[in-house]
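Welcome! Let us take a friendly walk through this structure, from the whole chain down to single residues.

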Amino acid sequence: MRTDTDILIAGAGLNGSTLALALAREGFRVTLVDPAPPGPLADGRSYALSLGSVRALKALDLWGAVAAEAQPILRIAVSDGRAGEGASPLSLHFDHAEIEEGPMGQMVEDRHLRPALTEALTTQDITRIDGVAVTAQTPGPTGVEVSLSDGRRITATLLVGCDGGRSATARRAGIDRIGWRYWQTALVATVAHELPHEGTAHQFFMPEGPLAILPLRGNRASLVWSEDRHRATSLARSDDAGYLAALRPRFGDFLGEITLLGGRFSYPLGLSVARRFVADRVALLGDAAHVVHPIAGQGLNAGIKDMATLAQVLVEARRRGEDFGRSDVLERYQAWRRFDVATLALATDGINRLFSNDNPLLRATRDLGLAAVNALPGLRRGFIREAAGLTGDSPLLLQGRPI
C-alpha cells in the first residue's frame, strides 16, 4: 500500500498535538485531523502538570512559551471534613523541599498552553486538516486507509486515536471499554482571593466529593469541585451569587474573600479504560485509552506519558528498520503503559469511593491513615515523587531527554 503519510492522528487536542510535534521533530510525516474548526479553543480548565510532564514540554521546546504564566506547586495539603465545619486536624501535607528536583509540578491554564502548542505545530512540517472528521478506517498488511468526512481518503502506516473518551477510532477498531459513570459532576471555575496561596494546592474531601483548590499565578485559584450530579446540575444553572453561596462553606475563609473570574464549566465524571490500547494499525492515546477521576489531577499527565511512550516506541522501531505500524511494535507501547494506567484507574477510583461518603467508621480510618502517612517522612517522600511523575520506567521525554 502506498502511504500518503506515516502517522495520521485523529484528534488535535493536547495529547494529539503533542504527539504530532514529537514525531514531526523526529522526521515522521504526520497528518493531524480534527473535526473542530481551526484555532485554539480554550475551555476554562487549568492543568496540574507533574514535574515529568513539565520536563517533556521542555524537551519539545514548548515550556518557554508558557513558563511566565505557570504557577509552581510548592505544597499539597490533603484534608477531610464537611462543608461549613472545616477540615479534620488529622491531615496530610507534602512539601517540594522534601525532594531534590524542585517543585512537584506547575499549574498552567488551558488558555496559555493550547495557543502555545498550536503555534509550535506551525514550526514543523505537519499536515493539518481542521473541520473534518475521520469516518472510516480499513487496515491492510502495510498500512491503513482512512476516509474523511469531506470525501478524501488518506493512507497511513499507523492511525493514532486521540479522539476522546468516546473514541470513534477505538469503536471502529472493535475495541470496547470497561468502566462506569460516577454519581458526581465536576464543576470547574476560577476564583480570585484576598490572601496569597503561597503555591499550595488543597484537596478537601467531603461526603459529596472532593474540592481541589489549585494555585494559579497571582491571587487566583482553579477549582475542581466534584458534587452530586443532581445538585451540580442545579448549581451550574444558578447565577454567580447562588454558586458562590454554595461554594463558600466548602471553600472556607483561609484565603479571605473569594470572587468568581470568567466562565463556569461542568463535566460529568466516570471511569473508562479501553480493553486494549492497540489494534491492527491503530494505537489509542489519552482519553481515547483511559478516562479517570480528576481526584489526583493526573488525566493530562497520563496522556502526556502515553504520548512520550508511543513516540519513543515508534522512533526506536523505525531506527531499527522495523515497520513501526506492525502489531508487535504497537504491543510494546501497550505493555509499557497498561499496568501504569490500570494502577492509576484503581487508585483514583478507590480514593474517591473511600473519601466520598459520610460513614463514621470510614471517616475515622481515613483520617488516621492521612495522619500516619504525614508522620512517616519516607512514605511521604514516596508519595511526593509519585505525584511529581518521578517513579516507574519513564520514557525519555519525561526525563527531559530527547528520544
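What radius of gyration would a compact globule with 403 residues have, and what does the chain have? A compact globule with 403 residues would come near 22 Å, and the chain has 21 Å, so the two agree. Please keep in mind that this is a predicted model.

## The whole chain

Along its principal axes, the C-alpha trace spans about 65 × 45 × 40 Å. The chain holds ten helices and 20 strands. Of the 403 residues, 53% are buried. Counting contacts with a separation of 6 or more, 74% come from residues that are 24 or more positions apart.

## Strand β2 and its partners

A good place to start is strand β2, which covers residues 30–34. This strand is mostly covered, with five of its five residues buried. In a regular strand, side chains alternate between the two faces of the sheet. That pattern can be followed here: Val-30, Leu-32 and Asp-34 point one way from β2, while Thr-31 and Val-33 point the other way.

Which strands pair with β2? Strand β1 (residues 5–10) pairs with β2 in the parallel sense, over four bridges. In this pairing, Ala-10 stands opposite Val-33. Strand β9 (residues 126–130) also runs parallel to β2, and five bridges join them. Here Thr-31 of β2 stands opposite Thr-127 in β9.

A helix takes part as well. Together, β1, helix α1 (residues 14–24) and β2 make a right-handed β-α-β unit.

## A sheet of three strands

Elsewhere there is an open sheet of three strands in the order β3-β8-β4, with antiparallel pairing. Its edge strands are β3 (46–50) and β4, each of which pairs on one side only. Neighbouring strands of this sheet are turned by 30° against each other on average, direction ignored.

Looking into the sheet, β3 pairs with strand β8 (residues 105–109) over five bridges in the antiparallel sense. Leu-49 stands opposite Gln-106 of β8 in this pairing. Helix α2 lies across β3 and β8, and runs at about 95° to β3.

## Helix α7 and what flanks it

How far apart are the end C-alpha atoms of α7? They are 31 Å apart, which agrees with the 30 Å that 21 residues should span at 1.5 Å a residue. The helix is mostly covered, as 17 of its 21 residues are buried.

Leading up to this helix, Gln-298 sits in the loop between β20 (290–291) and α7 (299–319). Is Gln-298 buried or exposed? Its relative accessible area is 19%, and the cut-off for buried is under 20%, so Gln-298 counts as buried. Setting aside residues up to four places away in sequence, Gln-298 touches Leu-344 and Ala-387. Just after α7, Gly-321 takes a positive phi of about 80°.

## Two residues with positive phi

Most residues other than glycine have a negative phi. Asp-61 departs from that habit, with a phi near 60°. Arg-281 also has a positive phi, of about 65°, although it is not a glycine. The loop that holds Asp-61 lies between α2 (51–59) and β4 (71–73), whereas Arg-281 is found in the loop between β18 (278–279) and β19 (282–284).

Their surroundings offer a contrast. Asp-61 is exposed, with a relative accessible area of 59%, while Arg-281 is buried at 2% relative accessibility.

## Leu-214 and its contacts

One more stop is Leu-214, which belongs to strand β15 (residues 209–216). This residue counts as buried because its relative accessibility is 14%, and buried means under 20%. Which residues does Leu-214 contact, leaving aside its neighbours within four places in sequence? They are Met-107, Ala-201, Arg-220, Ala-221, Ser-222 and Val-224. The C-alpha atoms of Leu-214 and His-93 are separated by 15 Å, and these two residues are 121 residues apart along the chain.

## Accessibility side by side

This table gathers the relative accessible areas of the residues visited above.

| Residue | Relative accessible area | Class |
|---|---|---|
| Gln-298 | 19% | buried |
| Asp-61 | 59% | exposed |
| Arg-281 | 2% | buried |
| Leu-214 | 14% | buried |

Terms used:
Residues numbered from 1 in each chain as written. Predicted model: local features only at pLDDT ≥ 70, side-chain atom pairs only at ≥ 80, totals over all residues. Heavy atoms only, no water. Buried < 20%, exposed > 50% of the residue type's maximum accessible area, 1.4 Å probe, protein only. Helix = DSSP H or I, 4+ residues; strand = E, 2+ residues; numbered from the N terminus. Pairing = 2+ DSSP bridges. Right-handed = clockwise from strand over helix to strand, strands pointing away. Contact = heavy atoms within 4.5 Å. Expected span 1.5 Å × (residues − 1). Axes fitted to C-alpha atoms, helices over the stretch in contact; angles between N-to-C directions. Rg over C-alpha atoms; globule rule 2.2 N^0.38 Å.
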